[in-house]
Amino acid sequence: VLGLRVGDSEDKVWLKLGMPSRQVYRGNDKTIHYDDMGLVFFLTRYTVTGMEVHRGASIPGYLPRALWAMLP
């Protein structure tokens with residue numbers, strides 16, 4: 001998803017997509033949600049362990065983040 005992969009660090013996700021819409025903590029696990037893009041990242045100890053893409057992402061919300069993610 002936008003150049004992000006399982007095994008990437010949480011920092012890389014934040015650098016690519018900016019601040020998430022919300023974060024949920026459970027023990028050593030964390031879920032970060034980008035509701036405007038329909039993306040969810042599952043992390044364990046600051047490392048991406050899974051990703052989900054959901055329907056319902058809005059183009060006005062998705063477009064700025066997608067453009068930001070394409071910058072080197």
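Glu10 and Lys30 bring their side chains together in a salt bridge, with 2.4 Å from N to O. Glu10 belongs to helix H1 and Lys30 to strand S2, so this pair ties together parts that are 20 residues apart in sequence. Both Glu10 and Lys30 are buried. Keep in mind that this is a predicted model.

That contact is one of three salt bridges in the structure. Here they are side by side:

| Salt bridge | N to O distance |
|---|---|
| Glu10 and Lys30 | 2.4 Å |
| Arg22 and Asp35 | 3.0 Å |
| Asp8 and Lys12 | 3.7 Å |

The Arg22 and Asp35 pair also links distant parts of the chain: Arg22 sits in strand S1, Asp35 in the loop between S2 and S3, and 13 residues separate them. What about burial here? Arg22 is partly exposed, at 41% relative accessible area, and Asp35 is partly exposed too, at 40%. In the pair of Asp8 and Lys12, Asp8 counts as buried because its relative accessibility is 14%, which falls under the 20% limit. Lys12 is partly exposed, with a relative accessible area of 33%.

Back to the helix that holds Glu10. Which residues of H1 are buried? Across residues 10-17, they are Glu10, Val13 and Leu17. These residues cover an arc of only 60° around the axis, which puts them on the same side of H1. That spacing fits a simple rule: an α-helix has 3.6 residues a turn, so residues three or four places apart point the same way. On the face turned away from the buried side, H1 carries the exposed residues Asp11 and Leu15. Right after the helix comes Gly18, with a positive phi near 80°.

Now for the sheet. Four strands make up an open sheet, ordered S1-S2-S3-S4, with antiparallel pairing. S1 (22-26) and S4 are the edge strands, each with a single partner strand, so one side of each has no neighbour in the sheet. From one strand to the next, the twist averages 20°. H1 packs on this sheet and touches S1, S2 (29-34), S3 and S4, its direction making about 10° with that of S2.

How many bridges join S3 to S4? There are six between S3 (residues 39-44) and S4 (residues 47-53), and the two strands run antiparallel. Val40 has Glu52 in S4 as its bridge partner, while Leu43 stands opposite Val48 in S4. The hairpin has two residues between the strands, and Arg45 takes a positive phi near 50° there.

S3 also brings in a ring contact. The structure holds one aromatic pair: Tyr34 and Phe41, arranged edge-to-face, with 6.0 Å centre to centre and 90° between the planes. Are these two residues buried or exposed? Tyr34 is buried, at 0% relative accessible area, and Phe41 is buried as well, at 1%.

Past S4, the picture changes at Arg55, in the loop between S4 and helix H2 (59-70). Arg55 is exposed, with a relative accessible area of 86%. Its C-alpha atom is separated by 9.0 Å from that of Leu39, although their positions lie 16 residues apart along the chain.

Terms used
Residues are numbered from 1 along each chain as its sequence is written. This is a predicted model: local features need pLDDT of at least 70, side-chain atom pairs count only at pLDDT 80 or more; totals for chains, interfaces and linings use all residues. Side-chain values use heavy atoms; hydrogens and water are left out. Rings of Phe, Tyr and Trp (its six-membered ring) pair if their centres lie within 6.5 Å; planes under 30 degrees apart count as stacked, over 60 as edge-to-face and the rest as tilted. Buried means under 20% relative accessible area, exposed over 50%, partly exposed in between (1.4 Å probe, protein chains only). The arc is that of the directions from the helix axis to the C-beta atoms. Two strands pair if DSSP finds at least two bridges between them. Axes are lines fitted to C-alpha atoms, for helices over the stretch in contact, and angles run from 0 to 180 degrees between N-to-C directions. Contact means heavy atoms within 4.5 Å. A salt bridge is a side-chain nitrogen of Lys or Arg within 4 Å of a carboxyl oxygen of Asp or Glu.
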